[in-house]
Amino acid sequence: MANGSAEDTREALVETIRRMTEDLKANPAAWENRDLHSFLEAAASWLEDSDGYYRNIGKTPPAAPSWSTLGDILQAARSYE
């Protein structure tokens, strides 16, 4: 997953979410989207534009979401505008 394990499992996603929770507590200023409304809006916007992200990192955009894709969405929503 983005900024962490490339493992595509539910457990890896759980760990990503837990790390994000701790990071938000420890470094709130590093998060552009700290409230739920902003975070969800950013997640939706990033998902709409995600094909470009995957192409820029040399990957084929996923045809269907996976645990790893969900992790990418959550990680991006921290700061996507």
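## Three helices and how they pack

In this predicted model, the residues R10, L13, T16, I17 and M20 of α1 meet W67, L70, G71, L74 and Q75 of α3. Sorted by character, the residues of this contact between α1 and α3 comprise six that are nonpolar, three that are polar and one that is charged. Two packed helices are described by the angle between their axes and the distance between those axes. For α1 and α3, the axes come within 9 Å and cross at roughly 10°. Angles under 35 degrees count as roughly parallel, and α1 and α3 are therefore roughly parallel to each other.

**The chain as a whole**

The protein chain holds three helices and zero strands, and, read along the sequence, its pattern is α-α-α. The radius of gyration of the protein chain is 12 Å, close to the 12 Å that the globule rule gives for 81 residues, so the chain is as compact as a globular protein of that length. Taken along the principal axes, the box filled by the C-alpha atoms of the protein chain is roughly 35 × 25 × 20 Å. Of the 81 residues in the protein chain, 31% are buried. Among the contacts in the protein chain with a separation of 6 or more, 63% join residues that are 24 or more positions apart.

**The nonpolar core**

In soluble globular proteins, nonpolar side chains tend to be buried together. Here the largest nonpolar core has 12 residues in all, namely L13, M20, W31, F39, A42, A43, W46, Y54, I73, L74, A76 and A77. At least two residues of this core are supplied by each of α1 (10-26), α2 (36-56) and α3 (67-77), and the largest share, five residues, comes from α2. One member of the core is W31, and, if residues up to four places away in sequence are not counted, W31 touches M20, D23, L24, F39 and R78.

**The covered helix α3**

How many of the 11 residues of α3 are buried? Nine of them are, and α3 is thus described as mostly covered. The buried residues of α3 are S68, T69, G71, D72, I73, L74, Q75, A76 and A77, and what covers them includes α1 and α2. Within this list, I73, L74, A76 and A77 also belong to the largest nonpolar core, while G71, L74 and Q75 take part in the contact with α1.

**Two residues outside the helices**

The table sets out two residues, A29 and S79, with their places in the chain and their relative accessible areas.

| Residue | Place | Relative accessible area | State |
|---|---|---|---|
| A29 | loop between α1 and α2 | 73% | exposed |
| S79 | segment after α3 | 44% | partly exposed |

Exposed means over 50% relative accessible area, and A29, with 73%, is therefore exposed. Partly exposed covers the range between under 20% and over 50%, and S79, with 44%, is therefore partly exposed.

Distances along the chain and through space can be set side by side for each of these residues. A29 and I73 are 44 residues apart in sequence, and their C-alpha atoms are 20 Å apart in space. S79 and S38 are 41 residues apart along the chain, and their C-alpha atoms are separated by 9.6 Å. S79 also touches E32 and N33, where residues up to four places away in sequence are not counted.

Note on methods
Residues are numbered from 1 along each chain as its sequence is written. This is a predicted model: local features need pLDDT of at least 70, side-chain atom pairs count only at pLDDT 80 or more; totals for chains, interfaces and linings use all residues. Side-chain values use heavy atoms; hydrogens and water are left out. A nonpolar core is a set of buried Ala, Val, Leu, Ile, Met, Phe, Trp, Tyr and Cys residues joined through side-chain atoms within 4.5 Å. Buried means under 20% relative accessible area, exposed over 50%, partly exposed in between (1.4 Å probe, protein chains only). Helices (H or I, at least four residues) and strands (E, at least two) are DSSP runs, numbered from the N terminus. Contact means heavy atoms within 4.5 Å. Axes are lines fitted to C-alpha atoms, for helices over the stretch in contact, and angles run from 0 to 180 degrees between N-to-C directions. Angles under 35 degrees count as roughly parallel, over 145 as roughly antiparallel, 65 to 115 as roughly perpendicular and the rest as oblique. Ala, Val, Leu, Ile, Met, Phe, Trp, Tyr, Cys and Pro count as nonpolar, Asp, Glu, Lys and Arg as charged, and the others, Gly among them, as polar. The radius of gyration is taken over C-alpha atoms; the globule rule is 2.2 Å times the number of residues to the power 0.38.
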